[in-house]
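Here are some short exercises to work through with the model open beside you. Try each task before you read its solution.

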Amino acid sequence: MIQGLYTITDNKKIAKDVFKMILKGDTSAITAPGQFVNIKLEGKFLRRPISICDYDDNTITLIYKVVGEGTEMMSKMSDGETLDVLVGLGNGYSTDKSGDTPLLIGGGVGVPPLYNLCKKLISEGKKVTVILGFNSSDDVFYFEEFKALGAKVIITTADGSMGIKGFVTDAMGDIEYSYFYTCGPEVMFRAIEKCVKTSGQYSFEERMGCGFGACMGCSCKTKYGNKRICKDGPVLEREEIIW
C-alpha cells in the first residue's frame, strides 16, 4: 500500500450516474486485479473505496457510480485537480485456478474490477466468457471494451431493453466454464451460488472505515474464522464463505 497525490487526467460520464476517472501517479503497489483505492475527499471523515478497473505504469482507471455526497463531489472534479489516494489495497483475484474457460459475472458497479481480470486471463491464453448485468440499457457500460479484449460478452438487463431480459443467472444455464469470478451486490451472489457448477471467487462490497485492516469495521465470518473485507478480501473463495 502507498499513499500519494494523484492527478486527474480525465473524468467523464459513461452511463446513467456512472463516471470514468483516470488518475496519474504511482501504480507500483497494485499487484492483482480486484484491488481497490481509498480516496480522501474534503470535508468527509471516511475515505471512499473505489475498485480499480484498469491500470498501467503510471495511470489508474476508476469507474464509480454517483450514490451520495462523496461520489457527487468526485463527478464534478476537473482535469488537473489532485486527490489524496491510498493505492494497492485489498486481496485481489488470483488466476491460478481459472482453468482454460473461466466465466466472469458482473453486476452494475461490480463490473469494473472484472475488466483488468479479463485482460490478465486473456493474456494467459484463457478463453473468457463475461456476463454483465444491468437494470436497463441506460446503465450499460464497458460492453465494447470487454469485447475488444477478445472475450465473449453477454448483456442482461432487468427490463429487457438490451441483451437478455432478466438477471445474470438467466444467462448462465448453457455456458460451459472451468471456474468463475464475480463482483456485485450480495443479493446477486446468493442467486449465483444456487446455480454455479464450479469453484470460484466472490469480490464483496462492504462499508469500510480505514480500508487497510486496522479498525476491524468490515470483518465477516468465514469457515476459517473472521476475515476483514478490506484486508483479507474483498475477494474470497467460494469454499470459505458462510452464506
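Helices (H or I, at least four residues) and strands (E, at least two) are DSSP runs, numbered from the N terminus. This is a predicted model, in which local features need pLDDT of at least 70, side-chain atom pairs count only at pLDDT 80 or more, and totals for chains, interfaces and linings use all residues. Residues are numbered from 1 along each chain as its sequence is written, and side-chain values use heavy atoms, leaving out hydrogens and water.

**Exercise 1.** Locate D17 and describe its backbone and exposure.

*Solution.* Start with the position: D17 sits in the loop between β1 (2-15) and β2 (18-24). Next, check phi, which is near 65 degrees, a positive value in a residue other than glycine. Most residues other than glycine have a negative phi. Finally, D17 counts as partly exposed because its relative accessibility is 34% (buried means under 20% relative accessible area, exposed over 50%, partly exposed in between; 1.4 Å probe, protein chains only).

**Exercise 2.** Is Y142 buried or exposed?

*Solution.* First find Y142 in the loop between β8 (129-134) and α3 (143-149). Its phi is near 65 degrees, again positive in a residue other than glycine. With a relative accessible area of 8%, Y142 is buried.

**Exercise 3.** Which residues touch the most other members of the largest nonpolar core?

*Solution.* Such a core is a set of buried Ala, Val, Leu, Ile, Met, Phe, Trp, Tyr and Cys residues joined through side-chain atoms within 4.5 Å. Of its 28 residues, the answer is L104, V130, L132, F141 and F146. As for elements, α2 gives the most to this core, with five residues.
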